[in-house]
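Please open the model in a viewer and keep the sequence at hand. The tour below proceeds by selections, each followed by a description of what is found there.

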Amino acid sequence: MRDLAPSSVRNPSDSEAEAPRLNRRQAAKVRTRQKVLDAARSLFAERGYEPATIRDIAKGAGMSTGAVFANFQDKAELFEAVLTEDMARLGEVVKAAQASETTLRGRLLAALVAGYHDTLDQLPLVQAVVARSWFQPQAAEVRFRAALKPLVSVVLDTVQGGVRDGELRQDADVRLLSDLIYGAWLSNFRHAAYDGWGMEQLDAQIGKQIDLILAGALSRQ
């Protein structure tokens, strides 16, 4: 028989299961942090990393530089926070796009094209991400890779699905194929930055690269 407690009596475990509510001060701090992140994102997307100053970020958020430093140790930490938020969101965008297709090529192309569509208007931010990946301490690189994981995982999972579904050979090097595809996708931003490529050219290019990279691993060969 179930031991039913009166409705007026709270089970001690109830409070543990409930999400803690923020008090007014904590809620204000969360809002302030988000305002700083939003202002920083806009400035990084417009100018890139180096030209975006804490002073200008604070001005964009409508607060003092002290308020920025109360939430983030320095500009590098703020940039990492922006990157983490954006990559989590982008991971959801490309995951939803690839889920709408049924073939391996279709899933990869849909995901990566969606990635271009979602980020091309923030090209200076993309350039800042790539540039900083070459010049940062090891600890920062570990955090950087963790931030990119939502996006990289979509490519890896899609390629693994190609093996599972029989489109790729069972002995296909999934990790290598995924790295090559992701690397090709990322490298095409240089064409957007320096050669004036738009969406049509980027879409066509990544499609050709996917075909070339997967050609030797297709199960029909």
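Select helices α5 and α6 to begin: α5 passes α6 in a right-handed crossing. A crossing is right-handed if the near helix is turned clockwise from the far one by less than a right angle, and left-handed if anticlockwise. Helices here (H or I, at least four residues) and strands (E, at least two) are DSSP runs, numbered from the N terminus. Helix α5 covers residues 75-98 and helix α6 residues 104-119; their axes come within 7 Å and cross at roughly 140°. Axes are lines fitted to C-alpha atoms, for helices over the stretch in contact, and angles run from 0 to 180 degrees between N-to-C directions. The crossing angle makes α5 oblique to α6. Angles under 35 degrees count as roughly parallel, over 145 as roughly antiparallel, 65 to 115 as roughly perpendicular and the rest as oblique.

This is a predicted model, in which local features need pLDDT of at least 70 and side-chain atom pairs count only at pLDDT 80 or more, while totals for chains, interfaces and linings use all residues. Residues are numbered from 1 along each chain as its sequence is written, and side-chain values use heavy atoms, with hydrogens and water left out.

Next, show the side chains between these two helices. On α5, the contact (heavy atoms within 4.5 Å) involves R89, L90, V93, V94, A97 and Q98. Facing them on α6 are R107, A110, A111, A114, G115, D118 and T119. By class, seven of the contact residues are nonpolar, three polar and three charged. Ala, Val, Leu, Ile, Met, Phe, Trp, Tyr, Cys and Pro count as nonpolar, Asp, Glu, Lys and Arg as charged, and the others, Gly among them, as polar.

Keep α5 and add helix α2, residues 24-47. These two pack at an angle of about 90°, with axes 10 Å apart, which makes α2 roughly perpendicular to α5. Among the α2 residues in contact are V36, L37 and F44, and α5 contributes residues including L78, F79 and V82. This contact has eight nonpolar, one polar and five charged residues.

Now return to α6 and add α11. Their axes lie 10 Å apart at an angle of about 145°, and α6 passes α11 in a right-handed crossing. The contact includes L108, L112 and Y116 of α6, together with L202, I206 and I210 of α11. It comprises 11 nonpolar, two polar and three charged residues.

Colour the chain by pLDDT, the predictor's confidence in each residue, from 0 to 100. The chain mean is 87, and 90% of residues reach 70 or more. Confidence is highest in helix α11 (residues 199-214), at a mean of 97, and lowest in helix α1 (residues 12-17), at 46. Residues 1-10 also stay under 50.

Finally, display the whole chain: 11 helices and zero strands. Its C-alpha trace spans about 65 × 65 × 30 Å along the principal axes.
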